[in-house]
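Me: I am new to this structure and should like to go through it by question and answer. Please explain each term as it arises.

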Amino acid sequence: MMLYLLKSSAVLFVLILFYKVFLEKEKAFVFNRVYLLSALAISLISPFITYAVSIEWAEFILPEQTLAYGYNDVFTEKNLGTNISSLKINWSIALFVLYSLGFIGMFIKFNKNLYNLINRCKKAKFEKINSYKIVTEGKNSIPFSFFHYIFLPKYAAPEILEHEKRHADAYHSIDVLISELLLIVFWFNPLFYWHKRLITQNHEYYADAYSKNRDLKKYKLLIFNQIYKNKANTLASGFDYSIIKKRMMMLQKSRSGPLLWAKKLMVLPLFALLSFIACEKTYAQVNKDSKSTITAKSTSNLIVEVDGKTNSNVQFYYNNMDQPISPANMHTLLKKISLMDMDQLSFRVNGKMLEGKSLPEIIYTEEKKELFMRKLKAPQGLLKIKTEAHANGKKYRGIKLDDGNNMSTWYTGESIPPPPPPPMAPMAPKAATKAEKSTLPPPPPPPKAPETAKAPPPPPSAPTAVNAPSELPPPPPPPRAPETLDELNKLIKHVESELANHKSGAHKLTEKEVKWNKQLLQKLYNKKKDFK
């Protein structure tokens with residue numbers, strides 16, 4: 001968006017400057033009106049136009065470095081971890097809020113003025129003369145026109161009526177509405193205010209030049225007497241008194257200059273040149289073997305160096321593909337492939353095919369120092385290719401990415417030599433000859449066995465626990481079987497109270513005791529059934 005605003009503003013500024021220098025003082029009012037409206041259209045549309053340029057021809061008119069990174073990624077790339085500072089985010093939000101406030105304010109102002117004009121036209125009592133609707137208002141009211149509605153003060157001079165008729169016949173209200181609508185969107189751009197001022201000025205020049213037989217001195221006095229009056233509505237075409245001096249000078253001028261035709265001839269080449277400069281240019285690379293064309297946009301971030309020199313005539317291939325891939329895809333691929341995959345790349349440089357696995361060096365870097373030395377900056381990347389072998393005969397592959405504030409590790413790879421052969425298995429020793437036996441020293445005698453082996457000391461006895469009983473106490477004897485129902489009930493109550501005390505925490509039992517009491521209680525319940 002920022003690039004569009006810069007291009008559009010630059011084109012509009014040049015065209016307005018041309019108008020001020022060559023056309024403003026000429027009495028070609030209709031031509032000037034067409035010029036100003038065309039200038040507005042060209043400045044808004046030309047940055048969106050895409051124009052294809054062949055590499056062979058573009059090298060004569062554009063710098064080599066521009067062509068080297070004259071490409072743009074046209075697809076969405078995966079986020080590689082770039083950290084955006086909170087300050088930048090805050091500035092973006094602040095600018096968006098500021099623009100929104102201005103947009104809303106201008107939108108409300110435009111709708112308010114348009115509503116007042118339409119409402120005023122609906123409620124007015126008019127007198128229809130031909131296609132004009134004449135509305136007579138108070139003596140001190142301001143004359144103006146809105147399409148074919150003409151508002152005049154009471155007892156207005158005939159010259160004022162003729163002036164407003166000229167505005168209505170030329171549909172000057174359309175020009176004013178277009179300017180006001182653009183001011184809603186581009187309220188922050190002073191060039192649009194300047195452009196509207198020039199259009200309004202040209203409207204007044206045209207309306208003033210309605211008759212050659214009128215009393216010029218009287219008409220000038222009429223303009224001068226209304227000098228302190230203001231315009232009724234920004235959307236209306238009125239008897240504008242804010243440019244009195246320029247209007248009187250134009251009234252005094254009899255005809256246009258002798259070179260008007262030459263100035264008009266300059267307009268079309270100027271429009272064409274500015275449109276070409278502001279448009280989005282694409283550069284086509286032609287593959288002579290496959291007769292296919294690769295088109296890439298002019299804002300690429302990939303720069304290619306071959307043997308230390310920037311080269312724009314490079315085509316990219318990957319994994320033995322027949323068709324080349326675009327520089328934009330290549331730029332993204334270099335950020336994602338591994339070092340080993342770099343050998344799968346191929347390059348056609350100035351028509352010569354270079355296989356990646358045979359190149360001594362392929363390195364892609366986004367290092368700030370490397371970019372700064374070449375007057376580049378992020379997110380541009382540099383692909384360095386070397387065709388001349390290094391002195392040590394090694395091959396180098398490298399990738400260095402910029403992940404926000406921190407640079408990733410610099411990886412340097414080289415071709416790996418084949419592994420050494422495995423060591424040979426040891427051969428069995430040959431039988432020694434008699435001569436060799438005589439030269440060999442005799443083997444040492446075996447060590448003598450000890451005469452008597454002492455028995456190892458007995459292991460120490462395990463320490464006994466202090467104050468620990470030597471034997472565990474015997475389990476309690478089983479309860480005596482109850483003989484009567486009363487004894488059985490008493491025993492049941494006793495077991496239930498033991499379990500209740502354990503549950504309440506008054507008397508804790510072990511798990512085995514709890515289990516044993518529950519089993520006993522169940523047997524007692526069964527026994528009680530037998531009594532019944």
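Reply: Strands pair if DSSP finds at least two bridges between them; strands (E, at least two residues) and helices (H or I, at least four) are DSSP runs numbered from the N terminus. The model is predicted, with local features needing pLDDT of at least 70 and side-chain atom pairs counting only at pLDDT 80 or more, while totals for chains, interfaces and linings use all residues. Residues are numbered from 1 along each chain as its sequence is written, and side-chain values use heavy atoms, leaving out hydrogens and water.

Me: How many helices and strands does the protein chain have?
Reply: The chain comprises 532 residues, of which 37% are buried (under 20% relative accessible area with a 1.4 Å probe, protein chains only; exposed is over 50%, partly exposed in between). Its elements number 16 helices and 19 strands.

Me: Which element gives the most residues to the largest nonpolar core?
Reply: A nonpolar core is a set of buried Ala, Val, Leu, Ile, Met, Phe, Trp, Tyr and Cys residues joined through side-chain atoms within 4.5 Å. The largest has 31 residues, and L15, Y35 and F192 touch the most other members. Two or more residues come from each of α1 (2-23), α2 (29-45), α5 (86-123), α7 (172-185), α8 (190-208) and α11 (260-278). With nine residues, the greatest contribution is that of α1.

Me: Which residues does F192 touch, beyond those up to four places away in sequence?
Reply: Contact means heavy atoms within 4.5 Å. On that basis, and with those sequence neighbours not counted, F192 touches L12, L40, L44, L182, L183 and F186.

Me: How many residues does the other core, which lies apart from this one, contain?
Reply: Its members include F316, I325, I337 and L383. The size of this separate core is 23 residues.

Me: Is D175 buried or exposed?
Reply: D175 is placed in helix α7. Leaving aside neighbours within four places in sequence, D175 is in contact with R33, L37, I199 and H203. Because its relative accessible area is 2%, D175 counts as buried.

Me: Why is strand β12 described as largely enclosed by the rest of the structure?
Reply: In a regular strand, side chains alternate between the two faces of the sheet. Both faces of β12 are covered, with L345, F347 and V349 on one side and S346 and R348 on the other. Strand β12 (residues 345-349) is therefore largely enclosed, since the buried residues number five of five.

Me: Which strand pairs with β12 over five bridges?
Reply: The pairing is antiparallel, and Y318 stands opposite L345 of β12. The partner, covering residues 314-318, is strand β11.

Me: Which residue in the turn between β12 and β13 has a positive phi?
Reply: Strand β13 (residues 352-355) runs antiparallel to β12 and is joined to it by four bridges; in β13, E355 is the bridge partner of S346. The two strands form a hairpin with two residues between them. The positive phi, about 55°, belongs to N350.

Me: What separates the C-alpha atoms of K400 and G381?
Reply: K400 is found in strand β16 (residues 396-400) and is buried, with a relative accessible area of 12%. Along the chain, K400 and G381 are 19 residues apart. Their C-alpha atoms are separated by 9.5 Å.

Me: Is V14 exposed, partly exposed or buried?
Reply: V14 lies in helix α1. Its relative accessibility is 33%, so V14 counts as partly exposed.
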